[in-house]
Amino acid sequence: MESKAICDVEISNAYSIELIDKALMEAAASIKLKYKLIKEPKYKGIQSLNRDSLTVRIEALVNEENIYDAQRYMNREIKTAFQNNGIENGQ
């Protein structure tokens, strides 16, 4: 049975949305190339806005038994994309 693996990441408002979009689209492309168990990774955009930060989301389809592995792999690629683009996540 397929499920959605979801990764929400909080990022400081100090970064431009264009830079954040670029990094997360790179992460989704990398996930698609590296991990065959993860299907259709997509950067979904901003989930929420706060005074000092925003939360963004990448989601993908995976078999239910692989959901936790998929989320870990996705988080890894998101972190790498942030590092490659000079973005520090969190507050």
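How many of the eleven residues of β3 are buried? Nine of them are, so this strand is largely enclosed by the rest of the structure. I would like to keep β3 in view throughout, and I should say at once that what you have in front of you is a predicted model.

Let me begin with the sheet. Three strands make up an open sheet, in the order β1-β3-β2, and their pairing is antiparallel. The strands β1 and β2, the latter covering residues 39–49, stand at the edges, and each has a single partner strand, so one side of each is left without a neighbour in the sheet. On average, and with direction ignored, neighbouring strands of this sheet are turned by 20° against each other.

Now the two pairings, one after the other. Between β1 and strand β3, which spans residues 53–63, there are eleven bridges, and the two strands run antiparallel. If you would like to follow this pairing on the screen, take Ile 6, whose bridge partner in β3 is Glu 59, then Cys 7, which is partnered in β3 by Ile 58, and then Glu 10, which has Thr 55 as its bridge partner in β3. On the other flank, β2 is joined to β3 by seven bridges, again with the strands running antiparallel. These two strands, β2 and β3, form a hairpin that has three residues between them, and Leu 49 stands opposite Leu 54 in β3.

Before leaving β2, I would point to Glu 40, which has its place in that strand. Although Glu 40 is not a glycine, its phi is positive, at about 55°. Is Glu 40 buried, exposed or partly exposed? With a relative accessibility of 49%, Glu 40 counts as partly exposed, because the exposed class begins over 50%.

Next, the helices, and how they sit against the sheet. Helix α1 lies across β1, β2 and β3, and its direction runs at about 155° to that of β2. Helix α2 also packs on the sheet, where it touches β1 and β3, and its direction makes about 30° with that of β1.

The helices also meet one another. The axes of α1, residues 17–34, and α2, residues 67–84, come within 8 Å and cross at roughly 135°, which makes α1 oblique to α2. The crossing of these two helices is right-handed. From α1, the residues taking part are Ala 23, Leu 24, Ala 27, Ser 30, Ile 31 and Lys 34, and from α2 they are Met 74, Glu 77, Ile 78, Ala 81 and Phe 82. Sorted by class, this contact of α1 with α2 consists of eight nonpolar residues, one polar residue and two charged ones.

One residue from that list deserves a closer look, namely Leu 24 in helix α1. Leu 24 is buried, with a relative accessible area of 1%. Which residues does Leu 24 touch, once those up to four places away in sequence are not counted? They are Tyr 43, Val 56, Ile 58, Ile 78 and Phe 82; of these, Ile 58 is the residue we met as the bridge partner of Cys 7, while Ile 78 and Phe 82 belong to the α2 side of the helix contact. Leu 24 and Lys 42, which are 18 residues apart in sequence, are 8.8 Å apart in space, taken from C-alpha to C-alpha.

Finally, let us return to β1, which has two faces. The covered face consists of Ser 3, Ala 5, Cys 7, Val 9 and Ile 11, whereas the uncovered face consists of Glu 2, Lys 4, Ile 6, Asp 8, Glu 10 and Ser 12. Ser 3, in strand β1, which covers residues 2–12, is buried, with a relative accessible area of 14%. Leaving aside neighbours within four places in sequence, Ser 3 is in contact with Ala 60, Leu 61, Val 62, Glu 64 and Ile 67.

Among those contacts, Glu 64 lies in the loop between β3 and α2, and at 39% relative accessibility Glu 64 counts as partly exposed. Not counting residues up to four places away in sequence, Glu 64 touches Met 1 and Ser 3. By contrast, Asp 8 lies 56 residues from Glu 64 along the chain, and the C-alpha atoms of the two are separated by 19 Å.

Note on methods. Residues are numbered from 1 along each chain as its sequence is written. This is a predicted model: local features need pLDDT of at least 70, side-chain atom pairs count only at pLDDT 80 or more; totals for chains, interfaces and linings use all residues. Side-chain values use heavy atoms; hydrogens and water are left out. Helices (H or I, at least four residues) and strands (E, at least two) are DSSP runs, numbered from the N terminus. Buried means under 20% relative accessible area, exposed over 50%, partly exposed in between (1.4 Å probe, protein chains only). Contact means heavy atoms within 4.5 Å. Axes are lines fitted to C-alpha atoms, for helices over the stretch in contact, and angles run from 0 to 180 degrees between N-to-C directions. Angles under 35 degrees count as roughly parallel, over 145 as roughly antiparallel, 65 to 115 as roughly perpendicular and the rest as oblique. A crossing is left-handed if the near helix is turned anticlockwise from the far one by less than a right angle, and right-handed if clockwise. Ala, Val, Leu, Ile, Met, Phe, Trp, Tyr, Cys and Pro count as nonpolar, Asp, Glu, Lys and Arg as charged, and the others, Gly among them, as polar. Two strands pair if DSSP finds at least two bridges between them.
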